[in-house]
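Here's a quick walk through one protein model, written for someone who'd rather be at the bench. Have a look at the fold first, then read on.

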Amino acid sequence: MPPYFFYGTLRDMDVLRAVLRRPIDCFTISEALADGYRAAPVVGSDYSVLVPDASHVSAGIVVFGLALRDIRRLVWFEGKDYTTASIDVLLIDSEQEVTANLYAPAKNVRTEKGVWDFDAWRHRHKRKFIAMIRRGNPA
């Protein structure tokens with residue numbers, strides 16, 4: 001399986017663990033940057049989408065070693081409104097560029113100006129978000 005780049009809520013290790021329903025220490029996880037992209041807040045939501053923006057660099061993580069069962073869990077989490085795309089990102093620790101998959105909106109999504117604030121999301125919404133995942137998480 002190719003690596004996956006996560007730029008939004010899945011950057012959080014507790015969220016990733018809740019979605020995958022298993023320990024995540026079996027994966028190689030590297031911090032990464034997507035040059036020319038911005039994690040934009042979605043209008044009326046607490047999450048983001050990645051949009052092209054030449055004046056920005058978006059932070060995220062790249063996860064190596066996902067299995068087919070993990071991809072199925074991610075598809076469940078992202079839902080029918082997202083599709084898989086690919087993106088070139090720079091791994092911060094090795095300064096190596098890799099091509100990774102990511103989940104992108106399958107249709108146009110209205111976004112707000114500015115950059116989605118990952119730290120603010122963690123502080124304000126993370127606990128409730130993880131509880132929602134666990135309630136709706138299929139076996």
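A pocket, as the word is used here, is an open set of grid points where a 1.4 Å probe fits, with protein on both sides within 12 Å along at least five of seven lines. Keep in mind that this is a predicted model.

**The pocket**

So how much space lies in the largest pocket? About 280 Å³. Of its 15 lining residues, Thr9, Tyr47, Phe77, Glu78 and Tyr82 sit closest to the centre. The elements that supply two or more residues to the lining are β1, α2, β5 and α3. As for chemistry, the lining splits into 11 nonpolar residues, three polar ones and one charged one.

**The core**

In soluble globular proteins, nonpolar side chains tend to be buried together. Here, the largest nonpolar core has 41 residues, and the members touching the most others are Phe5, Phe6, Leu66 and Leu74. Plenty of elements chip in with two or more residues: β1 (4–6), α1 (13–20), β2 (28–41), β3 (48–64), α2 (68–78), β4 (82–91), β5 (97–105) and α3 (118–136). Which of them gives the most? That's β3, with six residues.

**Helix α2**

This helix has its own buried set: Asp70, Ile71, Arg73, Leu74, Phe77 and Glu78. They all lie on the same side of α2, because they cover an arc of only 160 degrees around the axis. What covers these buried residues includes β1, α1, β4, β5 and α3. Two of the names are familiar: Phe77 and Glu78 are also among the residues closest to the centre of the largest pocket, and Leu74 is one of the residues touching the most other core members. Just after α2, Gly79 takes a positive phi of about 80 degrees.

**Two partly exposed residues**

Now for a couple of spots elsewhere in the chain. Ala131 is found in helix α3, while Glu112 lies in the loop between β5 and α3. Are they buried or exposed? Neither quite: "partly exposed" runs between 20% and 50% relative accessible area, and the table gives the values.

| Residue | Relative accessible area | Class |
|---|---|---|
| Ala131 | 32% | partly exposed |
| Glu112 | 38% | partly exposed |

Leaving out residues up to four places away in sequence, Glu112 touches Arg38, Ala40, Pro41, Val42, Val43 and Gly44. Its C-alpha is 17 Å from that of Gly36, with the two positions 76 residues apart in sequence terms. For Ala131, the C-alpha is separated by 24 Å from that of Tyr4, 127 residues apart along the chain.

Methods
Residues numbered from 1 in each chain as written. Predicted model: local features only at pLDDT ≥ 70, side-chain atom pairs only at ≥ 80, totals over all residues. Heavy atoms only, no water. Core = buried A, V, L, I, M, F, W, Y, C linked by side-chain atoms within 4.5 Å. Buried < 20%, exposed > 50% of the residue type's maximum accessible area, 1.4 Å probe, protein only. Helix = DSSP H or I, 4+ residues; strand = E, 2+ residues; numbered from the N terminus. 1 Å grid on protein atoms, 1.4 Å probe; cavity = no way out; pocket = protein on both sides within 12 Å on 5 of 7 lines; lining within 4 Å. Points joined across faces, edges and corners; volume = space filled by probe spheres on them. Nonpolar A, V, L, I, M, F, W, Y, C, P; charged D, E, K, R; others polar. Arc of directions from axis to C-beta. Contact = heavy atoms within 4.5 Å.
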